Structure formats: structure tokens, C-alpha cells
Amino acid sequence: MKIIKGCSSKSSVCTDEELKAVNAFAKAELSADDVYIFSVLLCDNEVDRDYERFSEATLRELGELFVGVTGICDHDWRSDNQVARIYRTELVTDKNRKTSLGADYVYLKGYAYMLRTEANSELIAEIDGGIKRETSVGCSIARSVCSVCGEELGSCTHVKGRTYGGKKCYAILEGAVDAYEWSFVAVPAQRGAGVIKSFVETEEGKRFAPEYERLEKAARLGEKYLDGLKAEVLRLCLVCDKSLHSALSKSVSTLDEETLLDMKSAFEEKAAELYPPVTQLPGKGEVTKFDGDEYII
């Protein structure tokens, strides 16, 4: 799974300690006058616009993989397009900031350097001036885990962005496989992090678009059926025992079809006992008086 996420950058001070880390990647000994360093927010643990987020463990794994990774422009994979390189990373926890899920905000910070050459002078000026601020990263992730059921997203029936029982479905990106580039971009597709090209936009994805649409329609019908089944269970619960309704309404959204059908059957049997059908005809051997008043219109 190839992931491209948005991030941002800002300039930093080149101390002796930073210069030592930079020179670990340089063939010639570089001085502070030779290099320009800046920090980059690579990715974080917030749910992005495409309803995906990196787990903290994945961010830590990416931290190791991004050390030494080259920086380019506009994701153009040409050797002459290399402009910078990450020489160290750190995982930062901001306890004063919370994510939309209420967790401490955690992000992967990368430190990059570039040479102070005439060719790079314009880019350096744009970074200092806040023009070249946003970047994006390219990496490979092993698993996309559903936040609702914990299964591999795509193998379950849940759809990113939809709500199930008050719980929003999003993908938890687990298992960093590779970090292959980060890039300056003119107009980032995401504010902080987010996939800018989905599978269905690729040539391979287009071939499966009709099948994807059919499966998505079937999934919507399945969701509608389950929602109706949950509503019927709650209705029968009110008929049989109102005191149970409050507790059941909080948990019914997490129940599967088999459990819901069992509960529906049990409630139907109880309702039949409490409210047996009433007939207008007398029983066998009984006589009823008829004067016609009941049928006056």
C-alpha cells in the first residue's frame, strides 16, 4: 500500500551537533556555511481527510525509515530533482494538543539539510519566506485496520467515513514497510496528512471500478437491512419491557446479525405471551348474543 501524506516545513539553526549529524551523510566535510537545515512535520496520529491515521507505533517505525531519505520536488523521481536529505528524525508528543479522538497529538519530525548553492538559493529563500512550506511524504504501509471492528479494511463490511453506532469508521495505518521519498509540492492536497491518490484513480483501479461500485451498492443494502433489524429489536423491547430499552439502545449497534435475529425471535415470543390475539368469534361450545348494534354505521 503506497501512501502519500502532506506535511509542512520550517527553517532551523545549524548547531555543531546538527552539523555533525549532517556530515554523517556527506562525502566531503561540510561547514555551517555550506548547508541550510530545516525541520519537516512528516506525519501525525490525527485522522485525516480521507479518514486514515497513523498509529503511534507506525510513526515510530517510519522515524527509522526516513533517516537518509532524499527530498525532491513535485514527486518527480529524477536524480537531478533531489534537493535535500533527512539526516535525523524524532517522535514528538504535544500534551497541550489533542487529536479529534481525544489522544495526545503525536507527530514525526524530520530534520533535513540542503547545500547552499546558487541553484538552491531561490528554494532556500522561498522556505525562509514561508512560500515553500507544505510538503508530502511517500511511504508503504502493510495494513489498513478498520477502527470499528479491528479487521483489515476492505475485508469487512465497514466503509471509511461512515458512522456505525455512533462510531466513525477510519483506517488505522499499521506496519511501516518503506519510506521512499518526501517532496516539496506547490499545492498540497491535504492539510496535514492524507492520501492524494486513491486506488480507484490508478489504471489498475479503473479496471475494477464496476465491481467496486456493485460491491459498494450491496454494502449499502446490507447496512440498511441491519439498521432495520436493530430498529425492530428496539421496538419489540419497548413492547415487552420498557426498563430494558435504555440499556439495549446503547449496545444494539455493536451486535451482529445472528445475535439480533435471536433477540428479535425472543422478543416476539414474549410479546405473543403478553398480548395474545383477541378474536371477535366465540370459542367452541360458547353462545354469544347478537343484536346488530355493533354493525350500525
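Contact here means heavy atoms within 4.5 Å. With that in hand, welcome to this predicted model, which we can explore one element at a time.

**Two helices and what they pack against**

Let us start with helix H1, which spans residues 16-23. Its buried residues are Glu18, Leu19, Val22 and Asn23. They sit on the same side of H1, because they cover an arc of only 135 degrees around the axis. Turn to the other side of H1 and you will find Glu17 and Lys20, which are exposed. As for the neighbours, the buried residues of H1 pack against strand E2 (35-44), strand E5 (84-98) and strand E6 (104-115).

Helix H2, made of residues 56-65, can be read in a similar way. Here Thr58, Leu59, Leu62 and Gly63 are the buried residues. Their arc around the axis is only 150 degrees, which puts them on the same side of H2. The cover over these buried residues includes E2, strand E3 (52-54), E5, E6, strand E7 (134-146) and strand E10 (171-184).

**How the strands pair**

Next, look at E5, a strand that also appears in the packing of H1. Strand E4 (residues 70-73) runs antiparallel to E5 and is joined to it by 2 bridges. In this pairing, Gly71 stands opposite Ala84 of E5. E5 also pairs with E6, again in the antiparallel sense, over 10 bridges. There, Arg85 has Tyr113 of E6 opposite it. Between E5 and E6 lie 5 residues, and the two strands form a hairpin. In its turn, Gly102 has a positive phi of about 90 degrees.

**Aromatic rings**

The whole structure holds 5 aromatic pairs. Two of them are set out below.

| Pair | Centre to centre | Angle between planes | Geometry |
|---|---|---|---|
| Phe38 and Trp182 | 6.1 Å | 65 degrees | edge-to-face |
| Tyr87 and Tyr113 | 6.2 Å | 55 degrees | tilted |

Phe38 lies in strand E2 and Trp182 in strand E10, so their pair ties together parts that are 144 residues apart in sequence. Both Phe38 and Trp182 are buried. Together with Tyr36, they form one aromatic cluster.

The other pair links the two strands of the hairpin we have just met. Tyr87 belongs to strand E5 and Tyr113 to strand E6, so this pair ties together parts that are 26 residues apart in sequence. Tyr87 and Tyr113 are buried too.

Some rings have a charged partner instead. The charged end of Arg88 sits over the ring of Tyr111, 3.7 Å from its centre. Likewise, Arg97 lies over the face of Tyr105, at 3.8 Å from the ring centre.

**The nonpolar cores**

In soluble globular proteins, nonpolar side chains tend to be buried together. What does the largest nonpolar core look like here, and which residues have the most contacts inside it? This core has 29 residues, and those with the most contacts inside it are Phe38, Leu62, Phe66, Met114 and Trp182. Two or more residues come from each of E2, H2, E5, E6, helix H3 (121-128), E7 and E10.

Leu62, one of the buried residues of H2, is a good place to zoom in. Leaving aside residues up to four places away in sequence, Leu62 touches Cys43, Phe54, Leu108, Cys139, Ala176, Asp178 and Ala179.

Finally, there is a second, separate core of 11 residues, with Leu229, Val233, Leu248 and Ala271 among them.

Definitions and conventions. Residues numbered from 1 in each chain as written. Predicted model: local features only at pLDDT ≥ 70, side-chain atom pairs only at ≥ 80, totals over all residues. Heavy atoms only, no water. Buried < 20%, exposed > 50% of the residue type's maximum accessible area, 1.4 Å probe, protein only. Helix = DSSP H or I, 4+ residues; strand = E, 2+ residues; numbered from the N terminus. Arc of directions from axis to C-beta. Pairing = 2+ DSSP bridges. Phe/Tyr/Trp six-rings, centres within 6.5 Å; stacked < 30°, edge-to-face > 60°. Lys NZ or Arg CZ within 6 Å of the ring centre and 35° of its normal. Core = buried A, V, L, I, M, F, W, Y, C linked by side-chain atoms within 4.5 Å.
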